[in-house]
Amino acid sequence: MEIIAKQASADKHKASVLVLAVRDGKLTASGSAVDKAAAGQLSAVIKLGDLEGKAGSTVLLHKLAGVAAERVVLLSVGSSDKDYRDAARAAVRAATAAGGELALALLEAAPAGRDAAWAAEELAVAAFDASYKYDTTKSKKDDKPGIKKVSLLVAKGEEKAAEAGIAAGTALGEAINLGKDLGNLPPNFCTPTHLANTAKSIAKQFGMKVEVLEHADVEKLGMGSFISVAKGSTEPLKFIVLKHEGGAKGDKPVVLVGKGITFDSGGISLKPGEGMDEMKYDMMGAGSVIATMHGVGRAKLPLNVYAVVATCENMPAGNASKPGDVVTTMSGQTVEILNTDAEGRLILCDALTYTERFEPAAVVDVATLTGACVIALGHHVTGLYANKDALAQELQAAGEQAGDRAWQMPLFDEYQDSLKSNFADIANIGGRPGGSITAACFLSRFTKKYDWAHLDIAGTAWKSGPAKGATGRPVPLLTQFLRGRAAAAAAVAKPAAKAAPKAAAKAVAKPATPAAKPAAAKPAAAKPAAAKPAAAKPAAKPAAAKPAAKPAAKKK
């Protein structure tokens, strides 16, 4: 899809569909110009009350005299960031059937305090998100023409800001849709090998480093917990490490760790048959991490970001793990497997231990981990746990900015007691009460050496019902978090760079005595792991569509 910024009069711009904003029953400047050209037809429609005031409401008009566009959509925009995002998606959906070029005269209707770059990014993301369709495994492809081009109509002097917003929105929009594709693919297509090949393609496209470890490799590393989940399947496991090194050399990376169970039958602790088909989305932790790396590469983010993905299937077989088995993790801790359907934490714990070698600035793991999180928070908000409050607050703030919200949950020591085992160092489940919390407590035992956060996306990564499919969350949250980290690193580097020439000049003006050490400018200090993002707010991201009820086949 081509998205451009263009300075043009809305009434004279030829397009298949022209979208004009209406707020509180009033047209914007562009809308008023079109209304004048159309002899007041737009204001007449508004006066009749055909357009509802709720953000995203639309009225479609055809062949207006005096207007170059074939169709005009009147769009209620509201006043909040969320209203604007909802309206942008509604505009794209209203124009999708018509196909051709979509012209959006909506930058001037951005919420108070939001500039052209922010609005352009939101519109670009909406164009990708709302026009997404899945037909990869259908014999007959969707023959609707679809939107070929999106033109953002801008005022004089706004072109550069809008173009920057379009670039950022395109990077995020592509990443969200890649996440949807990975989640929607059937499990016989999206295997661990497919995820590994996707990571390799991203590495090749954006100049990243990639390494894929096989069964023998992870066995040498002592990942007995990961292997215990994979051994019941004929699909080979993969352990993927993808590195984007866009920051300063030597800067500690932010590491994203993804759970990649490409199909979860529950293993010997077999799930109910109803809804089990949806367990193909149990790899959306890995899918969202890989998709985020695509966006990072596309945006050339000036930050060191690594992705670590443990991926396999969880299947019942004669050699599959059994309830009561005890396995040894890479960390040396032993785990009693009380339920084989609590497998996500068994692969994540070894991935989290592996991550220690990078001496990371921060680690965020992402997993469709527990049905208990769906019970606690529903489908609107991602569960957030962290061993450092500053990191949790940073992620929560990023989610608010992105319209992809998370909510911090408790990680108190009292919950650890439920993981006691008579036969191993730790049990893999702690009972039904506080199930999402005890799962996070399990993971916390493998994250003592760095700042760590856990996102339980079981309720937000997927929607059921007639619109069944992957949402692309939490790609917007992760992207905003990484942007904030990059902005914070740049803010530290800039003053240090300015100070260096002054220090050098001082050293030349006043040479040291023979006994003194030579003067040298100090290198810029590395940013602390829990540093907050710079005050300047990067553009916010889209909220995913509201998911429907969770299917019967839940995570334990």
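**Exercise 1.** Which residues does V218 touch, not counting residues up to four places away in sequence?

*Solution.* Keep in mind that this is a predicted model.
- Step 1: find V218, which sits in helix α7 (residues 215-220).
- Step 2: list its contacts, leaving out residues up to four places away in sequence: L213, M223, F226, I227, L237 and F239.
- Step 3: pick one of them, L237, and check the backbone. L237 is 19 residues apart from V218 along the chain, and their C-alpha atoms are separated by 9.4 Å.
- Step 4: look at exposure. Buried means under 20% relative accessible area. V218 has 0%, so it counts as buried.

**Exercise 2.** Work out how strand β6 is paired and covered.

*Solution.*
- Step 1: start with β6 itself, residues 100-105; five of its six residues are buried.
- Step 2: go to strand β2 (residues 17-23), which runs parallel to β6 and is joined to it by four bridges. One pair to look for is L20 with its bridge partner A105 in β6.
- Step 3: now try strand β7 (residues 147-154). Five bridges link β6 and β7, again in the parallel sense, and G100 has I147 of β7 as its bridge partner.
- Step 4: add helix α4 (residues 116-130). Together β6, α4 and β7 give a right-handed β-α-β unit.

**Exercise 3.** Describe how helices α6 and α9 pack.

*Solution.*
- Step 1: get the geometry. The axes of α6 (residues 192-206) and α9 (residues 284-299) come within 10 Å and cross at roughly 10°.
- Step 2: name the arrangement. Angles under 35 degrees count as roughly parallel, so α6 is roughly parallel to α9.
- Step 3: list who makes the contact. From α6 come L195, T198, I202, Q205 and F206, and from α9 come A286, I290, M293, H294, G297 and R298.
- Step 4: sort those residues: six are nonpolar, four polar and one charged.

**Exercise 4.** Trace the eight-stranded sheet and the helices on it.

*Solution.*
- Step 1: write down the order, β8-β9-β11-β10-β14-β18-β15-β16; the sheet is open and its pairing mixed.
- Step 2: mark the edges, β8 (209-213) and β16 (406-408), which each pair on one side only.
- Step 3: note that neighbouring strands are turned by 20° against each other on average, direction ignored.
- Step 4: place helix α12 (residues 389-402). It touches β14, β15, β16 and β18, and its direction makes about 155° with that of β16.
- Step 5: place helix α13 (residues 435-444), which lies across β14, β15 and β18 and runs at about 145° to β18.
- Step 6: zoom in on one pairing. Strands β9 (residues 238-245) and β11 (residues 304-314) run antiparallel, joined by eight bridges, and V241 stands opposite V308 in β11.

Note on methods. Residues numbered from 1 in each chain as written. Predicted model: local features only at pLDDT ≥ 70, side-chain atom pairs only at ≥ 80, totals over all residues. Heavy atoms only, no water. Buried < 20%, exposed > 50% of the residue type's maximum accessible area, 1.4 Å probe, protein only. Helix = DSSP H or I, 4+ residues; strand = E, 2+ residues; numbered from the N terminus. Pairing = 2+ DSSP bridges. Right-handed = clockwise from strand over helix to strand, strands pointing away. Axes fitted to C-alpha atoms, helices over the stretch in contact; angles between N-to-C directions. Parallel < 35°, antiparallel > 145°, perpendicular 65-115°, else oblique. Contact = heavy atoms within 4.5 Å. Nonpolar A, V, L, I, M, F, W, Y, C, P; charged D, E, K, R; others polar.
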